[in-house]
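These are my notebook entries on a single protein chain, kept in the order in which I looked things up.

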Amino acid sequence: MNIMSSVALLTGATGQDGSYLAELLLDKGYEVHAIVRRSSTPNISRIDHILNHPSLADSFHLHYGDISDGEQINKILQTYQPDEIYHLGAQSHVKVSFESAEYTGNITGLSTTRILEGMRNVKKKTRMYQASSSEMFGGAASPQNEESSFIPRSPYACAKLYGYWMVKNYREGYNFFASNGILFNHESPRRGENFVTRKITIGAASIVAGKAKMLALGNLDATRDWGFAPEYVEGMYQILSHTTADDFVLATGKTHSVREFVDEVFAYIDLDVDAHVTVDPRYFRPTEVESLLGDARKAKGVLGWKPRVSFKDLVKIMVDADMRKMGLSVIGEGDEILAKHFPNKWWMGD
Ligand code: NAP
Ligand code: F7E
């Protein structure tokens, strides 16, 4: 253990953002500890390459635990006394939250209180990042920024809003360095397979590979402000590195419909949308967030954070990756975009 390194504790390290963030922090010389839940089959595919890395593995430590278990969180906090905590663990699927509303409240909402309470027993001044979400704006008028109303439209959004307010309350009540990153949708080749962007890129690649004929989707008219996950992880780090604890929106400032995402993907690999895409009401939600469009001027002005990857670029990066994973030849524009925007790419593989 290098005693000079800053120590970071991550929840959600096996997820999309957590895996990129672990790489970013390791690249910056941090000693990284991660709370991961035990499962009967391994759930570490996104961080396997770090665990097997010749020079990074020694600085990356996994601890079994569940964010429903305050006792274990306390134990880990007391043992490792982190300088920074990034709380990314959550039941993060909006549609699933309608089916598992109480569970989502416990995992996505109450876990934030468990972390904050645990921090009260840590002697050093630990900084805490809370993964808040644009879903909290829900039905609020576009564009949404730090001053917008919160009109949550799902159990997931309600749970995230609870965490958001707990962070603000502990910041004000106990002088905690705790910050909310209010992140709009961000995607990547590591995006969970049942979120719409990845479902579409995998679906299209499967059609090219002859493994599927049709792709069934829900509401094609909803619009989202979609960015590229590695850039949002850089933003998380910048939020915690800022001189004061504060709340920041991260977004691209552009919104596109699910239908436009489908059109871009299918056009890129020359597939006919009408021949392969159907709408299945099973994927509709009881209440929908029709439109999200973020205004990240505060993050740009205060932190200097600015996303580089456009909507069309994001599509190409994700399609190339899924085509490659299926053993198909790739068009390769996604690789060129990555090389152009990230000449010193800090993450490994996709
Ligand atoms: P994700 O891929 O779904 O990852 C969620 C992580 O939480 C996984 O590592 C998962 O572990 C872990 N987790 C879930 N339940 C747990 C439990 N009971 N105990 C311990 N760990 C648990 O999510 P993401 O896209 O990376 O998002 C990261 C965070 O940002 C989440 O809090 C999400 O709600 C929030 N957020 C995401 C976006 C976005 O567009 N991606 C936007 C705004 C906010 P397993 O691997 O074991 O399932
Ligand atoms: O849905 C529509 C769906 O599940 C986007 C999470 O990371 O971002 C994410 O939440 C839109 C919705 O993401 C399908 O109805 C159509 O309007 O990809 P999604 P989300 O709900 O926006 C926020 C910021 C988070 O914080 C969350 O953690 O796409 N849609 N057809 C579909 N969605 C899915 N999943 N599957 C479909 O077949």
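Which exposed residues does the face of H13 turned away from its buried side carry? I looked this up in what is a predicted model, and I found Glu 336, Ala 339 and Lys 340 on that face.

**Entry on H13.** I then turned to the other side of the helix, which runs over residues 333–341, and noted that Gly 334, Ile 337, Leu 338 and His 341 are buried there. These four cover an arc of only 100° around the axis, which is why I place them on the same side of H13. When I looked up what the buried residues of H13 pack against, I found three elements, namely strand E10 (227–228), helix H9 (258–268) and helix H12 (311–325).

**Entry on H9.** Since H9 is among the packing partners of H13, I went through H9 as well, and I listed Val 258, Phe 261, Val 262, Val 265, Phe 266 and Tyr 268 as buried. Their directions cover an arc of only 160° around the axis, so they too lie on the same side of their helix, H9. Just after H9 I came to Asp 270, for which I noted a positive phi of about 60°.

**Entry on Ser 39.** I looked up where Ser 39 sits and found it in the loop between strand E2 (31–36) and helix H2 (48–51). Is Ser 39 buried, partly exposed or exposed? Its relative accessibility is 30%, and because buried means under 20% and exposed over 50%, I entered Ser 39 as partly exposed. I also checked its separation from Tyr 64, and I recorded 25 residues in sequence and 9.9 Å in space, C-alpha to C-alpha.

**Entry on the whole protein.** I counted 13 helices and 13 strands in the protein. The radius of gyration is 20 Å, close to the 20 Å that the globule rule gives for 350 residues, so I describe the protein as being as compact as a globular protein of that length. For its extent, I noted that the C-alpha trace spans about 60 × 45 × 45 Å along the principal axes.

Buried residues make up 55% of the 350 residues, and of the contacts between residues at least 6 apart in sequence, 79% join residues at least 24 apart.

**Entry on surface and charge.** The protein exposes about 15,200 Å², and I noted that carbon and sulfur atoms supply 50% of this area. Last, I looked up the 38 positive and 43 negative charges, whose mean positions are 3 Å apart.

Definitions and conventions
Residues are numbered from 1 along each chain as its sequence is written. Chains are lettered from A and ligands numbered from 1 in the order in which they are written. This is a predicted model: local features need pLDDT of at least 70, side-chain atom pairs count only at pLDDT 80 or more; totals for chains, interfaces and linings use all residues. Side-chain values use heavy atoms; hydrogens and water are left out. Helices (H or I, at least four residues) and strands (E, at least two) are DSSP runs, numbered from the N terminus. The radius of gyration is taken over C-alpha atoms; the globule rule is 2.2 Å times the number of residues to the power 0.38. Buried means under 20% relative accessible area, exposed over 50%, partly exposed in between (1.4 Å probe, protein chains only). Contact means heavy atoms within 4.5 Å. Accessible areas come from the Shrake-Rupley method with a 1.4 Å probe; for residues, only the protein chains shown count as cover. Lys and Arg count as positive and Asp and Glu as negative; His and the chain ends are not counted. The place of a charge is taken as NZ of Lys, CZ of Arg, CG of Asp or CD of Glu. The arc is that of the directions from the helix axis to the C-beta atoms.
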